[in-house]
There are 2 protein chains.
Amino acid sequence: MSKHNKQMNLNVFIMNAGHHEASWRYPGTEPHNITDIAYFKRIARIAEDAKFDSLFLADGLAVSKNIKHGAFVGLEPFTLLSALASVTEHIGLIGTVSTTYNEPFHVARKFASLDHISKGRAGWNIVTSGSEFEASNFSQDAHLEHHKRYERAREFLEVATGLWDSWEDDAVIIDREAGVFAEPGKVRAIEHAGDTFKVRGPLNIPRSPQGYPVLVQAGSSEDGKEFAAQYAEAIFTAQQTLKEAQQFYADVKARAARHGRNPDHLKILPGICAVIGATESEAKEKEQALNELTVPEYGLNQLSNMLGVDLFKYPLDGPLPELPNVSQINGNKSRFQLVADLARRDQLTIRQLIHRLAGGRGHRVFAGTAVQVADQLEEWFKQGGSDGFNVMPPYLPAGLEEFASQVVPELQRRGLFRTEYQERTLRGHFGLGRPLNQFSTAARLLEYEAK
Amino acid sequence: MSKHNKQMNLNVFIMNAGHHEASWRYPGTEPHNITDIAYFKRIARIAEDAKFDSLFLADGLAVSKNIKHGAFVGLEPFTLLSALASVTEHIGLIGTVSTTYNEPFHVARKFASLDHISKGRAGWNIVTSGSEFEASNFSQDAHLEHHKRYERAREFLEVATGLWDSWEDDAVIIDREAGVFAEPGKVRAIEHAGDTFKVRGPLNIPRSPQGYPVLVQAGSSEDGKEFAAQYAEAIFTAQQTLKEAQQFYADVKARAARHGRNPDHLKILPGICAVIGATESEAKEKEQALNELTVPEYGLNQLSNMLGVDLFKYPLDGPLPELPNVSQINGNKSRFQLVADLARRDQLTIRQLIHRLAGGRGHRVFAGTAVQVADQLEEWFKQGGSDGFNVMPPYLPAGLEEFASQVVPELQRRGLFRTEYQERTLRGHFGLGRPLNQFSTAARLLEYEAK
């Protein structure tokens with residue numbers, strides 16, 4: 001809305017006690033509340049009061065070996081987001097779901113349901129799963145190869161969008177007199193038969209307020225960027241420097257254009273883990289205090305998984321050993337590349353690298369005053385590095401409260417962020433249109449006229 | 001709780017505009033609201049204000065051909081129940097999930113999440129799916145054969161209960177000083193490798209308030225009864241007469257005892273669709289008005305699917321044709337038998353049978369005053385026919401309001417139903433214990449002492 005002043009989109013990425021891997025040891029955080037819905041309700045209210053576009057949950061389908069020193073466990077995204085939908089009114093609700101370990105009928109249905117329940121605020125962060133551990137929870141002997149995961153994801157999306165369109169918007173008539181509930185000609189089987197999926201449809205839920213959830217993507221590999229350029233309406237990405245962010249931004253926008261899409265309809269949101277202090281030195285001290293709370297074994301395990309090398313064999317205060325080639329990585333390829341580049345560029349020891357990754361797992365960490373944070377965000381936004389940001393509070397709930405009460409007002413003063421919600425759907429917040437139904441008469445007419 | 005007066009358990013089975021198949025045409029119902037969470041919130045509040053034990057949602061994974069005249073479509077159970085968990089405090093939340101078209105890791109995780117979000121109010125109605133249509137939405141060429149579905153269900157339960165126990169209750173320590181989040185020895189891989197599933201575990205969510213959701217089952221076939229006797233803690237069942245209900249009750253309780261279980265820990269809850277009037281004749285007129293709103297094609301299609309015969313070829317006012325043998329039915333075997341017996345016993349024409357099934361699809365329909373309804377419930381409860389009831393309002397929300405404001409107070413006056421909640425979990429309402437963790441030291445000690 002109100003395009004006279006271009007404003008940024010802000011998503012808050014919620015993760016248990018916070019994004020910093022030591023957040024659960026940091027004073028004031030609430031690791032004992034990560035399965036308590038009241039905790040997440042408080043966080044959602046802070047974000048909604050600050051007029052964030054959306055809140056977002058990552059997801060994984062396995063427990064890593066890190067359980068002793070903190071682990072990514074807790075509530076499942078759909079159950080959590082639905083519970084939050086009941087107690088919020090404007091903020092978008094973005095959940096991560098893997099196309100590798102799910103069936104498109106279930107996923108399409110659950111997102112349609114969440115979109116109805118939230119009255120048009122659902123978003124789907126589409127992932128292909130980066131962890132070998134997940135396969136062994138789903139009767140698979142091995143994790144599907146990277147390229148094949150994206151092939152499956154494309155077919156998954158084809159089925160899901162078909163199912164979302166299997167009911168026309170005006171299919172439900174409810175003519176009590178005549179006894180007609182729905183018009184059968186407007187509810188269609190999709191009869192999908194592809195390499196991986198065979199799905200008849202229709203979906204068992206009418207088309208939802210947004211038509212379908214906002215499609216979000218977070219992979220930044222070659223496959224990931226192509227997938228995003230074709231399907232995604234927003235991208236969460238990890239970029240360390242403005243220059244890299246600009247390159248990524250220009251690359252992905254150009255790809256979207258090559259797919260015949262309006263590049264404005266693909267929002268690029270780099271992650272930012274802002275450690276905020278009253279002064280710059282207070283912020284740096286906070287960052288250091290957090291880093292000092294990290295447990296080396298935890299970071300070593302995370303880093304070993306990310307890089308495909310057992311780092312426990314090497315001295316903590318020495319350099320990284322020789323790394324495998326990215327072609328041998330079957331997890332998150334782009335994150336591997338980012339971390340390898342970072343270590344090389346800044347000549348980091350293993351311990352230094354663990355600290356650099358502790359805040360954002362490869363996302364940018366910036367420690368400074370609220371004004372300095374706002375300066376950074378403004379610079380990236382105005383210099384072609386982003387359309388907004390994926391805000392990753394290092395510790396919760398206080399880190400979000402600080403961002404909401406200090407950085408957001410600063411951005412608002414600069415005219416860079418909304419002061420009131422203008423819309424009620426996530427598509428509305430992101431300035432995205434409601435997708436036409438591919439099967440509807442109206443869509444077919446438009447297609448005909450375009451010829 | 002308070003076992004001095006044995007009281008019945010009441011569950012409300014919520015279905016869109018109501019259980020009567022013509023409810024969406026009945027004055028006062030809200031078929032336009034079946035995807036609106038506000039509608040379900042109102043219904044949940046009525047049920048909670050009346051102190052119902054639980055509310056329950058059925059589920060299916062395909063749209064039948066009945067879409068023109070009303071169909072079983074709408075919100076997905078987990079998203080709906082989580083949204084309701086946010087706005088209720090006491091009532092149990094029971095969702096249906098098929099073991100035939102799901103993976104145990106996802107299902108165990110979602111129920112654990114719902115149980116955390118609701119603080120111990122989750123229940124799982126375990127079904128094996130009765131409809132051939134579902135297979136074609138999940139890349140399957142045919143619906144799994146009845147007996148194989150139950151084999152899969154048993155292995156599914158084995159995996160799910162293992163996953164729920166993969167975290168001991170005191171596994172999460174959160175020792176900030178020492179940097180210990182969880183005790184690794186109390187979070188276990190389950191390493192399941194069976195005929196159908198291979199699941200390593202552990203689950204990625206700590207053990208939930210109830211240990212695991214109350215396990216509910218609704219199949220009444222031979223396989224279904226055996227499965228229920230082994231695993232279920234409550235059974236929803238369709239019984240037309242007290243005599244049949246008594247036989248079923250005695251049969252299932254004896255089976256539970258043969259499995260070494262306390263029969264009191266398996267609650268038997270027959271369905272009751274009560275059409276309530278100020279006088280008996282008003283109730284009968286209501287029932288007739290509802291039946292007259294049925295659309296014959298809808299009922300014919302339902303009945304054809306249920307009986308495995310195309311009834312469109314036979315005169316509506318004539319008798320049923322010869323039916324297949326129950327062994328040829330691969331859907332809901334016990335419902336087939338019930339309907340076949342009902343038509344034979346009461347010498348019904350096809351049209352009469354459609355009307356008899358319109359209110360409860362084979363569940364008992366009773367039209368009368370609130371006192372007469374209470375008399376019926378008391379008789380079944382006191383004569384060994386049930387431990388309580390699965391209340392199926394013919395139309396919503398008014399049918400539930402009538403039951404809550406007229407039948408419930410009558411049962412309370414007779415000392416047959418609670419006037420206040422005594423407990424905060426569904427296990428508490430049902431008088432069920434919290435399951436021990438099969439892997440915990442405490443459980444192993446108990447096992448040892450029992451030898």
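Which residues of chain A does the UniProt annotation "binding site" cover? I started my notebook there. The record, an unreviewed entry, gives A:Asp59, A:Thr96, A:His146, A:Tyr150, A:Ser220 and A:Ser221. I keep in mind that this is a predicted model.

**Entry 1: the domain record**

I looked up the domain next. UniProt, again in an unreviewed entry, lists "domain: Luciferase-like" for residues 28-385 of chain A. Over that stretch I read 41% helix and 14% strand. The C-alpha atoms at its two ends are 34 Å apart.

**Entry 2: A:Asp59**

I took A:Asp59 from the binding-site list. I found A:Asp59 in the loop that links strand S2 (54-57) to helix H2 (77-85) of chain A. Is A:Asp59 buried or partly exposed? Its relative accessibility is 22%, so A:Asp59 counts as partly exposed. The cut-off for buried is under 20%.

I then listed its contacts, leaving out neighbours within four places in sequence. A:Asp59 touches A:Phe72, A:Pro77, A:Thr96 and B:Arg109. B:Arg109 belongs to chain B, and I checked that pair again. The side chains of A:Asp59 and B:Arg109 make a polar contact at 2.4 Å.

**Entry 3: A:Thr96**

A:Thr96 is also on the binding-site list. I placed A:Thr96 in strand S3 (residues 92-98) of chain A. Why does A:Thr96 count as buried? Its relative accessibility is 3%, and buried means under 20%.

Beyond residues up to four places away in sequence, A:Thr96 touches A:Phe56, A:Leu57, A:Ala58, A:Asp59, A:Pro77, A:Asn125 and A:Val127. I also noted a polar atom of the A:Thr96 side chain 2.6 Å from the backbone oxygen of A:Leu57.

**Entry 4: strands beside S3 in chain A**

I followed S3(A) to its partner. S3(A) and S4(A) pair in the parallel sense over six bridges. A:Leu93 stands opposite A:Ala122 in S4(A). With helix H3 (residues 104-117), the two strands make a right-handed β-α-β unit.

How many of the six residues of S4(A) are buried? I read five, for the strand at residues 122-127. S4(A) also runs parallel to strand S9 (residues 214-217) of chain A, joined by four bridges. There A:Asn125 stands opposite A:Val216. A:Asn125 is one of the residues that A:Thr96 touches.

**Entry 5: strand S2 in chain B**

I turned to chain B. Side chains in a regular strand alternate between the two faces of the sheet. In S2(B), residues 54-57, B:Ser54 and B:Phe56 point one way, while B:Leu55 and B:Leu57 point the other. All are buried.

S2(B) pairs in the parallel sense with S1(B), residues 9-14, over four bridges. B:Val12 stands opposite B:Leu55. S2(B) also pairs in the parallel sense with S3(B), residues 92-98, over four bridges. There the bridge partner of B:Ser54 is B:Gly92.

I logged two crossovers. S1(B), helix H1 (residues 37-49) and S2(B) make a right-handed β-α-β unit. S2(B), helix H2 (residues 77-85) and S3(B) make a right-handed one as well.

**Entry 6: how the chains relate**

Last, I laid chain B on chain A. The RMSD is 0.0 Å, after a turn of 180 degrees and a shift of 0.0 Å along the axis. That is the relation of a two-fold axis. In chain B, B:Ala83 has the C-alpha nearest the axis, 2.1 Å from it. Both copies use the same surface: 100% of the contact residues of chain B recur in chain A.

Key. Residues numbered from 1 in each chain as written. Chains lettered and ligands numbered in written order. Predicted model: local features only at pLDDT ≥ 70, side-chain atom pairs only at ≥ 80, totals over all residues. Heavy atoms only, no water. Buried < 20%, exposed > 50% of the residue type's maximum accessible area, 1.4 Å probe, protein only. Pairing = 2+ DSSP bridges. Right-handed = clockwise from strand over helix to strand, strands pointing away. UniProt positions renumbered as here; feature names shortened; annotations may be inferred. Contact = heavy atoms within 4.5 Å. Polar contact = N/O pair within 3.5 Å; in protein donor to acceptor, adjacent residues only side chain to side chain. Least-squares fit on C-alpha atoms with pLDDT ≥ 70 in both.
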